[in-house]
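Colleague: I'm new to this one and would like a close look at a single part of it. Could you take your time and walk me through?

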Amino acid sequence: MLDPQSTVHFSSVCFLARSLAHASHAYRDLATFARDTLYALGKLGLAGAHSIADLHAALRAEQCTSCNDYGVFLFLPTAKRCCWECLRHNPQLHLLSLKDAKRFFVLSKRSIEKLPRIHVIPGKYGITQKPAPEHCILTSVAAARALGIQQHGSPDKLADALSKRYSSRAHTSSRLLLLGRFFQMEPRPVACGQDILFLPTLANIQSNGLLGMASLPFPSLLSPGHAETGLWCEGCSSTLRQYSVSQLRGDILNTIVPPESGCHPTIVLMGLERRAYLRKAFLRHIKHCYGALQMVPELRDGAAARQKAARKH
Ligand SMILES: [Zn+2]
Ligand SMILES: [Zn+2]
């Protein structure tokens with residue numbers, strides 16, 4: 001199947017070609033529900049990187065490809081769905097400059113020419129609305145890592161090459177070694193049914209200020225003609241705010257983040273605030289969300305009635 005760019009070129013050849021291209025239900029779904037994504041792929045220089053079939057498969061999916069959560073975003077370099085937590089914590093969903101790709105994956109000047117180039121669209125990115133650097137060209141950590149492994153022979157040999165390159169104790173060298181080790185890491189394995197928020201985070205999570213670039217909210221086509229985008233819970237934001245000013249009762253906090261989990265409450269509460277839901281799952285969530293029950297008294301009454309009914313049985 002053609003990629004979006006070829007489909008547009010093909011459809012502009014003649015009326016018959018246009019009819020055939022538009023008759024493709026996959027292309028029609030993408031043009032109807034994910035027009036922004038097709039536009040963004042073109043602007044980033046990734047228009048030919050994915051087939052219509054792959055993009056349509058992502059549109060019809062719901063789950064993050066790295067964990068069990070709903071994948072509210074599409075990571076454009078791979079056209080895979082992902083959640084905020086994985087976008088933040090999975091090094092393989094990060095981006096980096098070509099100069100850093102060369103450093104952290106110990107690549108030659110010539111070999112970095114093989115890496116896909118992502119031309120960042122000027123604008124503000126991420127939760128902090130940080131402006132993108134001007135004329136910014138990036139590549140994906142996943143592509144750089146694959147090339148590094150291919151050139152050095154194995155992940156271990158690649159890690160050795162990095163350690164050798166930055167073996168000096170100078171401050172810059174140890175900082176680059178730390179960053180390189182982070183980008184070379186495998187994502188955390190997530191078992192079926194496991195909540196990623198309660199997994200230990202990777203040590204030394206580094207940020208190169210590029211979080212949020214080359215990913216965007218992506219709808220899910222749940223049935224023909226019916227697509228949904230993610231919903232975020234204002235109740236979870238309220239719970240995080242209460243915790244951050246020490247106004248969340250200890251027993252409530254212990255219910256949300258059981259002390260035996262060994263997890264830091266800030267990490268879990270922040271993760272809950274940034275977790276997105278499809279409508280059905282969201283309606284289930286707010287029936288049990290402490291912040292939502294506080295904000296909407298009608299939900300609280302419903303929860304009390306459910307508890308009463310449960311006690312009777
Ligand atoms: Zn995820
Ligand atoms: Zn909530």
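Colleague: Which residues does Cys 233 touch, not counting residues up to four places away in sequence?

Modeller: Keep in mind that this is a predicted model. Leaving out residues up to four places away in sequence, Cys 233 touches Phe 282, His 285, Ile 286 and Cys 289. To find the residue on your screen, go to the loop between β11 (231-232) and α11. Cys 233 has a relative accessible area of 3%, so it is buried. Buried here means under 20% relative accessible area. Cys 236 is buried as well. There is also a long-range neighbour to look for: Leu 272 is 39 residues from Cys 233 in sequence, and the two are 8.3 Å apart in space, C-alpha to C-alpha.

Now for the metal. Cys 233 is one of the residues that coordinate the zinc ion (ligand 2), and it does so through SG. Cys 236 (SG), His 285 (NE2) and Cys 289 (SG) are the other donors, and the distances run from 2.0 to 2.3 Å. Two of these, His 285 and Cys 289, are also on the list of residues that Cys 233 touches. Around the zinc ion (ligand 2), the four donor atoms subtend angles of 100 to 118°, and therefore the arrangement is tetrahedral. As a yardstick, the ideal angle for four tetrahedral donors is 109.5 degrees. Along the sequence, the donor residues follow the spacing C-x2-C-x48-H-x3-C.

Just past this site in the sequence there's a backbone detail worth a glance. Ser 246 sits in the loop between α11 (234-244) and α12 (250-256). Its phi is near 55°, a positive value in a residue other than glycine. With a relative accessible area of 69%, Ser 246 is exposed. Ala 214 also has a positive phi, of about 65°, although it is not a glycine. You'll find Ala 214 in the loop between α10 (171-184) and β8 (215-217). Its relative accessibility is 8%, so Ala 214 counts as buried.

For comparison, have a look at the zinc ion (ligand 1). Its protein donors are Cys 64, Cys 67, Cys 83 and Cys 86, each through SG, and they lie 2.3 Å from the ion. The donor atoms there subtend angles of 104 to 119°, which makes this arrangement tetrahedral. The spacing in sequence is C-x2-C-x15-C-x2-C. Distant parts of the chain are linked here: Cys 64 belongs to the loop between α5 (52-60) and β1 (73-75), while Cys 83 is in the loop between β2 (80-82) and α6 (84-89), 19 residues apart. Cys 64 counts as buried because its relative accessibility is 3%. At 4%, Cys 83 counts as buried too.

One of the donors of that ion, Cys 86, is touched by Leu 93. Leu 93 also touches Ser 66, Phe 75, Cys 82 and Leu 87, again not counting residues up to four places away in sequence. Its place is in the loop between α6 and β3 (95-97). Leu 93 has 12% relative accessibility, so it counts as buried. Gly 212 is 119 residues from Leu 93 in sequence, yet their C-alpha atoms are 9.7 Å apart in space.

From β1 you can hop to Thr 37, which lies in helix α4 (residues 35-44). Setting aside residues up to four places away in sequence, Thr 37 touches Leu 74, Leu 76, Leu 216 and Phe 218. Thr 37 counts as buried because its relative accessibility is 3%.

Here's a helix pair to round out the tour. The axes of helix α8 (residues 141-152) and helix α9 (residues 155-165) come within 8 Å and cross at roughly 95°. That makes α8 roughly perpendicular to α9. In this contact, Arg 145, Gly 148, Ile 149 and His 152 of α8 meet Pro 155, Lys 157, Leu 158 and Ala 161 of α9. These residues divide into four nonpolar, two polar and two charged.

Finally, step back to the whole protein chain. Its secondary structure comes to 16 helices and twelve strands. Of its 313 residues, 43% count as buried. Among contacts with a separation of 6 or more, 63% are between residues 24 or more positions apart. The contacts of Cys 233 with Phe 282, His 285, Ile 286 and Cys 289 are a good place to start exploring.

Technical notes: Residues are numbered from 1 along each chain as its sequence is written. Chains are lettered from A and ligands numbered from 1 in the order in which they are written. This is a predicted model: local features need pLDDT of at least 70, side-chain atom pairs count only at pLDDT 80 or more; totals for chains, interfaces and linings use all residues. Side-chain values use heavy atoms; hydrogens and water are left out. Axes are lines fitted to C-alpha atoms, for helices over the stretch in contact, and angles run from 0 to 180 degrees between N-to-C directions. Helices (H or I, at least four residues) and strands (E, at least two) are DSSP runs, numbered from the N terminus. Angles under 35 degrees count as roughly parallel, over 145 as roughly antiparallel, 65 to 115 as roughly perpendicular and the rest as oblique. Contact means heavy atoms within 4.5 Å. Ala, Val, Leu, Ile, Met, Phe, Trp, Tyr, Cys and Pro count as nonpolar, Asp, Glu, Lys and Arg as charged, and the others, Gly among them, as polar. Donors are N, O and S atoms within 2.8 Å of the metal (3.2 Å for Na, K and Ca); water is not among the atoms, so sites may look incomplete. Four donors count as tetrahedral if all angles lie between 85 and 135 degrees; four count as square planar and six as octahedral if opposite donors are over 155 degrees apart and all others between 65 and 115; anything else is irregular. Buried means under 20% relative accessible area, exposed over 50%, partly exposed in between (1.4 Å probe, protein chains only).
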